[in-house]
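Subject: Structure handover, with notes on the ligands

Hello,

Here is the structure for you to look over. Please open it next to the notes underneath.

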Amino acid sequence: MVKQGPKAPTYYHEWTQIPPRMPTRGPNAPSSHHGRHPQPPHRTTKHLRAPLPAPPQPPTSLPTAPGRPRPPSPCPPRLAEGRAGAGRTAHIRRGQPRAKGWKGPGFSSPRWARGLGGVKGREESSSMELGWLLWGAAVLLLLPVLMELSPAVNFALRIGFYYLLFFVCSALTAPVCLLVNGGRTVKNMRIIKTVVKTFKYFFGLRFEVKGLENFEVEGPAIIVSNHQSILDMMGLMEVLPDNCVQVGKKELMYAGTVGLIIYLGGVIFINRKSTSSAKMVMAEVAKTMATDNVKVWVYPEGTRNCTGDLLPFKKGAFHVAVQAQVPVIPVVYSSFTTFYNPKKNLFTSGKIKVEVLPPIETKGLTSDDVSELTDRCYRIMRETLFRLSGRPGEVKDSS
Ligand SMILES: CCCCCCCCCCCCCCCCC(=O)SCCNC(=O)CCNC(=O)[C@H](O)C(C)(C)COP(=O)(O)OP(=O)(O)OC[C@H]1O[C@@H](n2cnc3c(N)ncnc32)[C@H](O)[C@@H]1OP(=O)(O)O
Ligand SMILES: CCCCCCCC/C=C\CCCCCCCC(=O)OC[C@@H](O)COP(=O)(O)O
C-alpha cells in the first residue's frame with residue numbers, strides 16, 4: 001500500500017471532525033518578521049541623533065510617520081561621498097545653503113527628504129513610477145491586440161487567468177471557510193461553490209442545466225459525470241448539490257492554495273497509482289456516506305478527456321454505490337470541443353449543456369453486478385453526450 005501524505009485526509013469521518021492543524025513551526029509557520037519594514041540605512045539614523053535645530057517642514061506631507069516603509073534610496077553617489085567627509089556635508093545636515101564652489105545640490109534638502117535621496121531622488125523615483133505606469137498601460141493596450149492576432153497568446157492568457165483566479169480566490173476563501181466552519185467540512189463546499197459560480201462570467205461561458213430535480217433523492221448517492229478539462233470545476237459548481245464531496249487525485253492536495261481549499265471542502269483524495277489503497281479509501285467512503293448523509297461525486301473516466309467521447313469507465317464509483325446500496329446519478333456535460341481545445345489553442349466563449357439524469361437504483365445489487373452497472377451507466381451517459389453535442393467530428397448546433 002502506498003502511504004498517503006502526513007495525516008492524509010482520506011476518510012469521511014475526518015472531514016467533519018478534525019480541524020486542520022495550522023503549523024506553528026517549520027517553513028509554513030508565520031514568520032515573526034512578517035510585515036516588518038526594512039531597517040533604514042545606517043546613515044539616516046546617525047544624523048537623526050545629532051542635536052541640530054529642527055529643519056523647516058516640507059510643504060507636502062510624505063512618509064514621515066514612524067514605521068512607514070522607506071523605498072531604497074536612489075541617493076546619488078556624491079551625497080554618499082559627502083557623508084564620509086563630515087565637513088563637506090555639514091551644511092546639508094543643518095539645512096543651510098551649500099558651500100560656495102561645491103557642486104552639490106542647488107539647495108539643501110530637509111532631513112526627511114534626505115532619507116529618500118533628496119528632491120532629486122524623489123523626482124527620479126516618480127519618473128520611474130511614471131515609466132512603469134506607461135509600460136503597464138502599453139502592455140494592457142497591447143494584450144487584446146496580441147490575443148486577437150495569436151491564438152496561442154489568447155489561450156495562454158485565458159487559461160493562465162483561470163489558474164490565477166483559482167489560486168487567488170482559494171487564498172482568499174480559505175480563511176473564510178476556517179472562520180465560518182472551523183476546519184475541514186463538507187459545509188465549506190457551499191462557500192467554494194458561491195465563489196466558483198462567478199468565474200463563468202470572466203470567460204463568457206453559459207450553462208444550460210436540465211434535470212436538477214434528479215438530485216433530490218432521499219439520502220446519499222453516488223454522482224458520476226464526464227471529465228473534460230479543468231474547466232469542469234465551473235460546471236461542477238454550477239449544479240453541485242448540498243452535502244456533496246468529490247473524489248480527486250491526491251496530487252491536487254499539493255496544488256498550493258487550491259489544495260488547501262479543496263482539503264477544507266472535504267474532497268476525498270485517492271492514490272490512482274495504487275488500486276489497493278484507492279479501494280480501501282473507497283470502501284471507507286461507502287461505509288460512512290450513509291451514516292453522514294453525503295453524496296459523493298466521482299469522475300469515472302479517472303482522468304481528463306476532451307475528445308467529445310467518453311473513456312471506458314473505472315469501476316470504483318460503482319463498487320461504492322453497490323457497497324453502500326445507494327443510487328447512481330449520472331450527470332452529462334456537452335462536449336467542450338467547439339470552444340475549448342488545448343491542442344489547437346482554442347478557448348473562446350461558449351455554451352455548455354448539462355443534464356442530470358434519473359437515478360439508477362442499486363438496491364439488492366452485489367459486487368457481481370458491478371460490471372453490468374458500470375456498462376449500463378456508460379451507455380446512458382454516452383448516448384446523452386452524443387445527443388447533446390453530436391458524435392466526435394460531427395458538429396452539432398449548440399445554440
Ligand atoms: C474559491 C476558489 C476555489 C477554487 C478551487 C475549487 C475547486 C473545487 C473543486 C473540488 C475538487 C474536485 C476535484 C476533482 C478532481 C478530479 C480528479 O481528480 S479525477 C481523478 C481521480 N478520480 C478517480 O480516479 C476516480 C475514478 N477511479 C476509480 O474509481 C478507480 O476504479 C480506482 C478506485 C481509482 C482504481 O483504479 P484502477 O485500478 O485503475 O481501476 P479499475 O480498473 O476500475 O479497478 C481495478 C480492479 O479493482 C476493482 N475495484 C475498483 N474499485 C473497487 C472498490 N472500491 N472495491 C472493490 N473493488 C474495486 C475493479 O472492479 C477492478 O477489478 P475487476 O476484476 O477488473 O473488475
Ligand atoms: C506551491 C505549489 C504550487 C502549485 C501550483 C499549482 C497551481 C494550481 C492552480 C490552480 C489549479 C486549478 C485547478 C483546480 C482543480 C482542477 C481539478 C482537475 O480537473 O484535476 C484534474 C484531475 O481531475 C485529473 O487529472 P489528469 O487529467 O489525470 O491529469
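The notes below cover the largest pocket and then each ligand in turn.

Please keep in mind that this is a predicted model.

The pocket

The largest pocket has a volume of about 1400 Å³. It is lined by 46 residues, and those closest to its centre are His227, Val247, Gly248, Lys249 and Leu252. Elements H7, H8, H10, E3, H11, H12 and H13 each give two or more residues to that lining. H7 supplies the largest share, with seven residues. By class, the lining splits into 29 nonpolar, 11 polar and six charged residues.

What sits there? Ligand 1 is in the largest pocket. Ligand 2 sits in the largest pocket as well.

Ligand 1

The shell around ligand 1 holds 34 residues. Closest are Lys249, Thr275, Lys314, Lys315 and His319. Three polar contacts are worth a look on screen. The side chain of His319 places an N or O atom 2.8 Å from an oxygen atom of ligand 1. For Lys314, a polar side-chain atom lies 2.9 Å from an oxygen atom of the ligand. Gln323 has a polar side-chain atom 3.5 Å from a nitrogen atom of ligand 1. On its own, ligand 1 has 1300 Å² of accessible area, and the protein covers 82% of it.

Which elements build this shell? At least two residues each come from helix H7 (151-181), helix H8 (188-196), helix H10 (232-239), strand E3 (244-249), helix H11 (256-264), helix H12 (275-292) and helix H13 (316-324). His319 and Gln323 both fall within the range of H13. Thr275 falls at the start of H12, and Lys249 at the end of E3. By class, the shell has 19 nonpolar, 10 polar and five charged residues.

Ligand 2

Around ligand 2 there are 15 residues. His227, Lys249, Arg272, Thr303 and Arg304 come nearest. Lys249 is thus listed among the closest residues for ligand 2 and among the closest for ligand 1. Lys249 is also one of the residues closest to the centre of the largest pocket, and so is His227.

Which side chains make polar contacts here? Thr303 has a side-chain N or O atom 2.7 Å from an oxygen atom of ligand 2. Arg304 brings a polar side-chain atom to 2.7 Å from an oxygen atom of the ligand. In His227, a side-chain N or O atom is 2.8 Å from an oxygen atom of ligand 2. Taken alone, ligand 2 exposes 770 Å², of which the protein buries 70%.

H7 and H11 are the elements that give two or more residues to the shell around ligand 2. H7 has the largest share, three residues. By class, the shell has nine nonpolar, three polar and three charged residues.

To start, I would display H7, which gives the largest share of the pocket lining and of the shell around ligand 2. Then turn to Lys249, listed among the closest residues to ligand 1 and to ligand 2.

Best wishes

How values were computed
Residues numbered from 1 in each chain as written. Chains lettered and ligands numbered in written order. Predicted model: local features only at pLDDT ≥ 70, side-chain atom pairs only at ≥ 80, totals over all residues. Heavy atoms only, no water. Near = heavy atom within 4 Å. Polar contact = N/O pair within 3.5 Å; in protein donor to acceptor, adjacent residues only side chain to side chain. Areas by Shrake-Rupley, 256 points an atom, 1.4 Å probe, with all protein chains shown as cover. 1 Å grid on protein atoms, 1.4 Å probe; cavity = no way out; pocket = protein on both sides within 12 Å on 5 of 7 lines; lining within 4 Å. Sits in = over half its atoms within 2 Å of the grid points. Helix = DSSP H or I, 4+ residues; strand = E, 2+ residues; numbered from the N terminus. Nonpolar A, V, L, I, M, F, W, Y, C, P; charged D, E, K, R; others polar. Points joined across faces, edges and corners; volume = space filled by probe spheres on them.
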